[in-house]
Amino acid sequence: LQTVWDRKSNFRRSQNQKRPQILQNNCSEILPLWQHRIFSQSKIRTALAQLKPMELIKKSQANTVQATKSTKFSEYFSDDRLLGGALITIKGRYPEEGFALNQICRELAYITKGTGKLATGNSIAKFSEGDVLYLLPDEKFFWEGSFTMFVVTSPAFDPKQHIFLTE
């Protein structure tokens with residue numbers, strides 16, 4: 001006869017043995033959303049397996065670029081190519097003319113200070129501090145106003161996939 005404790009221990013062991021399979025099934029459903037024409041599933045799984053549990057990127061390690069006379073980026077690079085982040089300050093319009101478009105990256109922007117508007121090919125959204133905006137790949141856009149935002153991109157931002165449109 002098994003004691004209650006033995007049955008619980010055996011149950012936990014059987015659950016732990018099943019956990020990698022459950023994780024693998026969840027990843028196979030989630031990963032196609034992340035790969036978006038840039039990574040194969042096997043490369044993403046390899047990248048996920050190599051991730052550090054936590055990474056600190058100091059402000060002093062950020063790469064600061066004056067993209068235009070009205071726009072400054074402080075890019076926070078990580079070993080993780082699945083996500084990227086940048087603190088962006090805009091005082092005017094970005095891009096200065098026309099639209100920008102990310103061919104691969106999705107963007108999630110959190111407005112930390114100020115007000116402005118985001119215009120896409122289909123709509124205009126006015127925003128202020130504390131608001132969050134989400135842009136899909138292949139969505140043309142421009143930012144206008146006086147504000148600072150932290151932008152997370154997935155996968156990590158690559159300037160080769162960021163294009164400017166004159167229309």
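Let's start with one lysine: K91 counts as exposed because its relative accessibility is 61%, and the cut-off for that word is over 50%. Keep in mind as you look around that this is a predicted model.

Where does K91 sit? Find strand β3, which covers residues 84-94, and you'll see K91 in it. K91 also has company: together with K59, K72 and K113, K91 forms a positive surface patch. Try picking out those four lysines in the structure above.

Now zoom out for a moment. The chain has 167 residues, and 32% of them count as buried. Its secondary structure adds up to two helices and nine strands. If you walk along from the N terminus, you meet the two helices and then the strands, in the order α-α-β-β-β-β-β-β-β-β-β.

Back to β3, since its end leads us to something fun. Which way round is the peptide bond from Y94 to P95, cis or trans? That bond is cis, with omega near -10°. P95 itself belongs to the loop between β3 and β4, the latter being residues 99-102.

There's another cis bond further along the chain. This one runs from S154 to P155, and its omega is near -5°. To find P155, look in the loop that links β8 (141-154) with β9 (162-165).

Next stop: strand β7, residues 132-135. Which residues of β7 are on its covered face, and which on its uncovered one? L133 and L135 make up the covered face, while V132 and Y134 are on the uncovered one. So as you step along β7, you can check each side chain in turn against those two faces.

β7 doesn't stand alone, either. Strand β5, which spans residues 106-120, pairs with β7 in the antiparallel sense, and four bridges join them. Want to see one of those contacts up close? A109 has L133 of β7 as its bridge partner, and L133 is one of the residues on the covered face we just met.

Finally, carry on past β7 into the loop that leads to β8, and you'll come across D138. What is the phi of D138 near? It's near 65°, a positive value, and D138 is a residue other than glycine. Is D138 buried, partly exposed or exposed? D138 counts as partly exposed because its relative accessible area is 43%, and that label covers values between the buried cut-off of 20% and the exposed cut-off of 50%. Compare that with K91, where we began: K91 has 61% and counts as exposed.

How values were computed:
Residues numbered from 1 in each chain as written. Predicted model: local features only at pLDDT ≥ 70, side-chain atom pairs only at ≥ 80, totals over all residues. Heavy atoms only, no water. Patch = residues over 30% accessible without salt bridge, like charges linked within 9 Å, V, L, I, M, F, W, Y side chains within 5 Å. Areas by Shrake-Rupley, 256 points an atom, 1.4 Å probe, with all protein chains shown as cover. Salt bridge = Lys/Arg side-chain N within 4 Å of Asp/Glu carboxyl O. Lys, Arg positive; Asp, Glu negative; His and termini not counted. Charge placed at Lys NZ, Arg CZ, Asp CG, Glu CD. Buried < 20%, exposed > 50% of the residue type's maximum accessible area, 1.4 Å probe, protein only. Pairing = 2+ DSSP bridges.
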